[in-house]
Amino acid sequence: MKKHSAQNERIKRAYFIYLAEAQGFSESTLDAVAKALNRFETYTKFRDFKAFHIEQAQGFKANLAERMSLQTKEPLSKATLYATLNALKRFFIWLAGQPGYKSRISYSDAEYFNLSAKETRIAKARREERVPTLEQIRHVIQTMPATTEIERRDRALIAFTILTGARDGATASIKLKHIDLEQGFIDQDARQVNTKFSKSFATWFFPVGDGISQLVADWVNYLRREKLWGLNDPLFPATKIIVGESHHFEASGLDRKHWSSAGPIRKIFKDAFAAAGLAYFNPHSFRKTLALLGGQVCKSPEEYKAWSQNLGHEHVLTTFSSYGDVGRHRQAEIIRALGNSPT
């Protein structure tokens, strides 16, 4: 069975370069596009893209709707269908303008990858997201052991995330020189810190409790005073892996280098919440916790603007619309309270 097309691979490579260099898309976005294209090529048995016709788009769309998720064993969600088909639509719109394809594919052909208007509304509908409460986060931190330096690092890592709202990619790359305990802030310098959209900004510690900020301070002082690490060393170093006496790989303290990705950070979060008897919340959900907290403590537009900037948002509406949704439980409380208010 044919498993690839050399001609397709060449034009896909050109498209990936276009997405990365001209559009500035991340590697994760390119991976998602590559997955969508592979699904389509598998369906067409890797026929040359020059042989594309609208019946292929229609057939693939129907085939995709019948597929089952490997994880849930249920039909793929409308959101997955929308993301896959939209990636293909964008590709064929681009392809229609390329030499050798212009005479074979029209821009309107790509429209056949659209879902129905009803399915699109379902796919794009916003669902209520689970957000940890500050009390839950404090409970996790308080139940975490701190006997070994790895355990101390893990506890300080979770405390740091709610203290600063830093994204996990930034946390994995931040250095000791980027944190100022005296002033209570971190310098998210995009030249060295992996920030979103490579944007530099300063974040002052959020008011989430002195106990949490003290854990972070204790960790920084441990690295600086006891381990004698320098300013260019990582704030949260990777785990050192060695071959133990049993001839198996095992953890052996801290390695003096950064994690290569944010994967280990998410695992630390997952293990910590499980050990505390709570459902898993990923690092990014802490930013939503902070956004909701800002809505409660900020008393003026200026205060909320400062809170929004502290999360790295240029526009306060980003914080308000993307992170500040009122949960159902709180929504019910507010509406009921308004109903009981004197008119």
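This report describes salt bridges, a small sheet, a loop residue and a pocket in a predicted model.

Residues are numbered from 1 along each chain as its sequence is written, and side-chain values use heavy atoms, with hydrogens and water left out. Because the model is predicted, local features need pLDDT of at least 70 and side-chain atom pairs count only at pLDDT 80 or more, while totals for chains, interfaces and linings use all residues.

**Salt bridges**

Side chains of opposite charge can pair when their charged atoms come close. The whole structure holds ten salt bridges (a side-chain nitrogen of Lys or Arg within 4 Å of a carboxyl oxygen of Asp or Glu). Three of these pairs are listed here.

| Pair | Closest N to O distance |
|---|---|
| Lys227 and Glu149 | 3.3 Å |
| Arg191 and Asp189 | 2.8 Å |
| Lys267 and Asp271 | 2.8 Å |

The salt bridge between Lys227 and Glu149 links distant parts of the chain, 78 residues apart. Lys227 lies in the loop between helix H9 (210–226) and strand S4 (239–243), and Glu149 lies in helix H7 (residues 149–164). Helices (H or I, at least four residues) and strands (E, at least two) are DSSP runs, numbered from the N terminus. Lys227 is partly exposed, at a relative accessible area of 27%; buried means under 20% relative accessible area, exposed over 50%, and partly exposed in between (1.4 Å probe, protein chains only).

In the pair of Arg191 and Asp189, Arg191 is exposed, with 74% relative accessibility, whereas Asp189 is buried, at 10%.

Lys267 and Asp271 both belong to helix H10 (residues 263–275), where they are four residues apart, about one turn of the helix. Lys267 is exposed at 52% relative accessibility, and Asp271 is partly exposed at 39%. Elsewhere, Glu9, Lys12 and Glu41 are joined into one network by salt bridges that share partners.

**The sheet and a loop residue**

Strands of a sheet pair through backbone hydrogen bonds, either parallel or antiparallel. Here, three strands form an open sheet in the order S1-S2-S3, and their pairing is antiparallel. Two strands count as paired if DSSP finds at least two bridges between them. Strand S1 (179–180) and strand S3 (201–204) are the edge strands, each pairing on one side only. Strand S2 (residues 185–188) is joined to S3 by four bridges, and Asp187 has Ala202 in S3 as its bridge partner.

The loop between S2 and S3 contains Thr195. Thr195 is buried, with a relative accessible area of 8%, and its side chain reaches the backbone oxygen of Lys199 at 2.8 Å.

**The second largest pocket**

The second largest pocket holds about 500 Å³ of space. On a 1 Å grid over the protein atoms alone, a pocket is an open set of points where a 1.4 Å probe fits, with protein on both sides within 12 Å along at least five of seven lines; lining residues have an atom within 4 Å of a point. Its volume is the space filled by probe spheres set on the points, which are joined across faces, edges and corners.

The lining of this pocket has 22 residues, and Ala32, Val33, Ala83, Asn86 and Ala87 lie nearest its centre. Helix H1 (6–22), helix H2 (27–43) and helix H4 (78–95) are the elements that give two or more residues to the lining. H4 gives the most, with seven residues. By type, the lining residues are twelve nonpolar, seven polar and three charged; Ala, Val, Leu, Ile, Met, Phe, Trp, Tyr, Cys and Pro count as nonpolar, Asp, Glu, Lys and Arg as charged, and the others, Gly among them, as polar.

Note on methods. A polar contact is a pair of N or O atoms within 3.5 Å; within protein, one must be able to donate a hydrogen and the other to accept it, and residues adjacent in sequence count only if both atoms are side-chain atoms.
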